[in-house]
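Trainee: I have a structure to go through, and I would like to talk over some of its details with you. Could we take it as a set of questions?
Mentor: Gladly, let's put it up.

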Amino acid sequence: MEKFEVHILGCGSALPTMRHNPSSQVVNVRNKLFMIDCGEGTQLQLRRSRLPFTRINHVFVSHLHGDHCFGLMGMISTFGMLHRNGPLFIHSHERLQELLRPQLDFFCSDIGYEVVFQPFNPSEETIVYDDRSVAVSTIPLSHRIPTCGFLFREKPTRSMREQGLADTVRSYAYCSDTCYLPKLSEQVKDVSMLYHEATFSETEQLRAKQTFHSTARQAAQVAKDACAKRLVIGHFSSRYDDETQILREAQEVFPSVELAHENMKMEIL
């Protein structure tokens, strides 16, 4: 079976701690590397995960809160120092280009490669990337600003079609940040693995509602209703020194759940 892996680079929320970095992941589909979000410190996490910088050609940004994009400028600059020559495609809300362009012009005018912005509307479900191996589509979410998740769907190979295995292709859904959305379960129906934010425990339901975040139990309910094969929860609030209680609350609803942690590598089967 060809490679389909998810590497967790950061799974904390807005306030960095000694235990967690802000959000970032790398999805490896048949040795093509795709980054999702790029919080502060992401390039250091890339080093620790021993992921090759040069093979990241596409970055998908879920929304324009700093803990999901403050790492972009540093990483773009580092790519230049590593003598990158191929373009870097950044898929995001259209305002990201407006925000980064002055910084690129000032700090990265001579980086030696092109940064290409591919804007999309986070409120609409649309395909933002498509090749022979995988299709990536947006999943509209509900947060304080326009936000979306991303759904990676593997495409069947010729051998899979010949063996009648075309309906067994793997998929991965990334859903962070969002309040509880019951309808989300239909958009990620039967997904092989779901990453869903679980910022708070049940004792903080009111806080979750006020900040448009989810509890671990709510994340588990989405996974259960979607008939997901596996759930990984993350985006933990800095108030928790131990996420054991968060895990237990999710397991009461959906047993096949695990906590994300930095430098975690998960294979999607």
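What follows is a conversation about a predicted model, moving from salt bridges to helix packing and then to some loop residues.

Trainee: Let's begin with charged pairs. How many salt bridges does a search of the whole structure find?
Mentor: Side chains of opposite charge can pair when their charged atoms come close. A salt bridge here needs a side-chain nitrogen of Lys or Arg within 4 Å of a carboxyl oxygen of Asp or Glu. Searching the whole structure on that basis gives a total of ten.

Trainee: Take Glu-2 and Arg-30. How far apart are the closest N and O atoms of their salt bridge?
Mentor: This pair links distant parts of the chain, with the two positions 28 residues apart in numbering terms: Glu-2 sits in the segment before β1, and Arg-30 in the loop between β2 and β3. The cut-off for a salt bridge is 4 Å. Glu-2 and Arg-30 meet it, with their closest N and O atoms at 3.8 Å.

Trainee: Of those two, is Arg-30 buried or exposed?
Mentor: Let's use the relative accessible area, where buried means under 20% and exposed means over 50%. Glu-2 has 41%, so it falls in between and is partly exposed. Arg-30 has 13%, which makes it buried.

Trainee: Where does Arg-170 lie, and where is Glu-154? I would also like to know how far apart the closest N and O atoms of their salt bridge are.
Mentor: Arg-170 is in the loop between α4 and β10, while Glu-154 belongs to strand β9, 16 residues apart. Both Arg-170 and Glu-154 are buried. Their closest N and O atoms are separated by 2.6 Å.

Trainee: Which residues are linked with Arg-170 in a network of salt bridges?
Mentor: We have met one pair made of Glu-2 and Arg-30, and another made of Arg-170 and Glu-154. These belong to one network of salt bridges, in which Arg-170 is linked with Glu-2, Arg-30 and Glu-154.

Trainee: Thr-157 caught my eye too. Which residues is Thr-157 in contact with, leaving aside its neighbours within four places in sequence?
Mentor: Thr-157 is placed in the loop between β9 and α4. Its relative accessibility is 16%, so it counts as buried. With those sequence neighbours left aside, the contacts of Thr-157 are Glu-2 and Arg-30.

Trainee: Now a pair inside a helix. Why are Arg-95 and Glu-98 separated by about one helical turn?
Mentor: Arg-95 and Glu-98 form a salt bridge, with the closest N and O atoms 3.3 Å apart. Arg-95 is partly exposed, at 41% relative accessibility. The two residues lie in helix α3, and the separation is about one helical turn because their spacing is three residues.

Trainee: How are α2 and α3 oriented to each other?
Mentor: The two helices pack with their axes 11 Å apart and at an angle of about 45°. Angles under 35 degrees count as roughly parallel, and 65 to 115 as roughly perpendicular. The angle of α2 and α3 fits neither class, so their orientation is oblique.

Trainee: And how do the residues of the contact of α2 with α3 divide into nonpolar, polar and charged?
Mentor: On the α2 side, the contact is made by Leu-72, Met-73 and Ile-76; on the α3 side, by Leu-96, Leu-100, Gln-103, Leu-104 and Phe-107. The count is seven nonpolar, one polar and no charged.

Trainee: On to the backbone. Which peptide bond is cis, with omega near 5°?
Mentor: Look in the loop between β10 and α5, where Asp-177 is placed. The cis bond is the one from Ser-176 to Asp-177.

Trainee: What is phi of Arg-50?
Mentor: Arg-50 lies in the loop between α1 and β4. With 77% relative accessibility, Arg-50 counts as exposed. Its phi is positive although the residue is not glycine, at a value near 60°.

Trainee: Last one: how far apart in space are Ser-142 and Tyr-180, C-alpha to C-alpha?
Mentor: Ser-142 is placed in the loop between β8 and β9, and it touches residues including Asp-177, Thr-178 and Cys-179. Ser-142 and Tyr-180 are 38 residues apart in sequence, and their C-alpha separation in space is 8.1 Å.

Conventions: Residues are numbered from 1 along each chain as its sequence is written. This is a predicted model: local features need pLDDT of at least 70, side-chain atom pairs count only at pLDDT 80 or more; totals for chains, interfaces and linings use all residues. Side-chain values use heavy atoms; hydrogens and water are left out. Helices (H or I, at least four residues) and strands (E, at least two) are DSSP runs, numbered from the N terminus. Buried means under 20% relative accessible area, exposed over 50%, partly exposed in between (1.4 Å probe, protein chains only). Axes are lines fitted to C-alpha atoms, for helices over the stretch in contact, and angles run from 0 to 180 degrees between N-to-C directions. Angles under 35 degrees count as roughly parallel, over 145 as roughly antiparallel, 65 to 115 as roughly perpendicular and the rest as oblique. Contact means heavy atoms within 4.5 Å. Ala, Val, Leu, Ile, Met, Phe, Trp, Tyr, Cys and Pro count as nonpolar, Asp, Glu, Lys and Arg as charged, and the others, Gly among them, as polar.
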